[in-house]
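Here are some exercises to work through with the model open in your viewer. Try each task before reading its solution.

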Amino acid sequence: MSASMENTIRTGDGVIGSRLSYSLLGEPERGDVVSFKFGVRCRKCKAHIEGFDNEFCPYCEANLSHARKLHYVKRLIGMPGDHIEISGDPINGGKVYINGEALDEPYLKEDMNYMGNFTYDVPEGEYFFLGDNRNNSRDSRYWEHPYIKRKNIEAKAVLSYCPSFNFFEVKFL
C-alpha cells in the first residue's frame, strides 16, 4: 500500500478484502474502504493509465492488451446521485460536504490542507473515492474521470496486516 490511506492502512501493509460483501451481502456504502480496478500500467514506459478504454499507451504507443491491471484501495465518499463540495480556506483547511452537510471523518490522519473549492455530481452507477491521508493521496480529486463505475468495485477491505518477519499486526477496518 502507498501512504494515501494512512493511518487506516500504513505504507507497506497488506489488505484482505471480501468480494462477497458486494456480490451477495449488499451494495457499497459511504465510509467503506474499498478495493477497485482503476486502470493499467504500461509494461514499456511504466505509465499509469486511467480506465480500460485505451488499446495503446498514450505516452509510448505500446500495446496495452497485456498491461498490468491497477487496483486501488480508497474510502468511498460519494454515492450515485450525491452532490459533493470540497471547500475551505487557507487558515481552517478543507472540508468535504455531501448534499450540503459536512461529512464527519474521524478516520482522517490530519486536517486536509486547503486546496480550493470543487464540486462533483456523482453519476448514477458510479462512486467517488478519497484517501484517508488527504494531503498525500492521488484520488478522485485528481483523476481525469473522477468516478469509478460499480462494475469496477471488487471488494470491501476488511483487515490490514503488517507482513514483517519480526512483527505481525492485524487491524480490522
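A residue counts as buried under 20% relative accessible area, as exposed over 50%, and as partly exposed in between. Keep in mind that this is a predicted model.

**Exercise 1. Sort residues by accessibility**

Task: decide whether Cys60, Cys162, Lys46 and Glu61 are buried, partly exposed or exposed.

Solution:
- Cys60 has a relative accessible area of 22%, so Cys60 is partly exposed.
- Cys162 has a value of 14% and is therefore buried.
- Lys46 reaches 46% relative accessibility, which makes Lys46 partly exposed.
- Glu61 has 65% relative accessible area, so this residue is exposed.

**Exercise 2. Look for disulfides**

Task: find how many disulfides the whole structure holds, and explain the result for Cys60.

Solution: Start with the chemistry: a disulfide is a covalent bond between the sulfur atoms of two cysteines. The cut-off to apply is a sulfur pair within 2.5 Å. Next, take the cysteine sulfur closest to that of Cys60, which belongs to Cys42. The two sulfurs are 3.5 Å apart, so they are too far from each other for a bond. A search of the whole structure returns zero disulfides.

**Exercise 3. Trace the strand pairing**

Task: work out which way E1 and E11 run relative to each other, parallel or antiparallel, and do likewise for E2 and E11.

Solution: First, place E1 at residues 14-18 and E11 at residues 153-163. Five bridges join these two strands, and they run antiparallel. One position to check is Gly14, whose bridge partner in E11 is Tyr161. Then turn to E2, which covers 33-41. E2 is joined to E11 by three bridges, again antiparallel. Here Val34 stands opposite Lys156 of E11.

**Exercise 4. Inspect the surroundings of Ser160**

Task: state where Ser160 sits, how accessible it is, and which residues it touches.

Solution: Ser160 belongs to strand E11. Its relative accessible area is 2%, so Ser160 is buried. Leaving out residues up to four places away in sequence, Ser160 touches Thr8, Ile9, Asp13, Gly14, Val15, Glu169, Val170, Lys171 and Leu173. Gly14, one of these contacts, is the residue that bridges to Tyr161.

**Exercise 5. Check the backbone**

Task: locate a cis peptide bond, then examine phi at Lys46 and Glu61.

Solution: The peptide bond joining Glu6 and Asn7 is cis, with omega about 5 degrees. Asn7 lies in the segment before E1. Moving on to phi, Lys46 has a positive value near 70 degrees although it is not glycine. Lys46 is in the loop between E2 and E3. Glu61, also a residue other than glycine, has a positive phi of about 65 degrees. Its place is the loop between E3 and strand E4 (68-78).

**Exercise 6. Describe the largest pocket**

Task: give the volume of the largest pocket, the residues nearest its centre, and the strand that gives the most to its lining.

Solution: The space in the largest pocket is about 590 Å³. Its lining has 21 residues, with Phe38, Ile49, Glu50, Gly51 and His145 nearest the centre. By class, the lining divides into nine nonpolar, five polar and seven charged residues. Strands E2 (33-41), E3 (48-50) and E10 (148-149) each supply at least two lining residues. E3 gives the most, with three residues.

Note on methods:
Residues numbered from 1 in each chain as written. Predicted model: local features only at pLDDT ≥ 70, side-chain atom pairs only at ≥ 80, totals over all residues. Heavy atoms only, no water. 1 Å grid on protein atoms, 1.4 Å probe; cavity = no way out; pocket = protein on both sides within 12 Å on 5 of 7 lines; lining within 4 Å. Points joined across faces, edges and corners; volume = space filled by probe spheres on them. Helix = DSSP H or I, 4+ residues; strand = E, 2+ residues; numbered from the N terminus. Nonpolar A, V, L, I, M, F, W, Y, C, P; charged D, E, K, R; others polar. Buried < 20%, exposed > 50% of the residue type's maximum accessible area, 1.4 Å probe, protein only. Pairing = 2+ DSSP bridges. Contact = heavy atoms within 4.5 Å.
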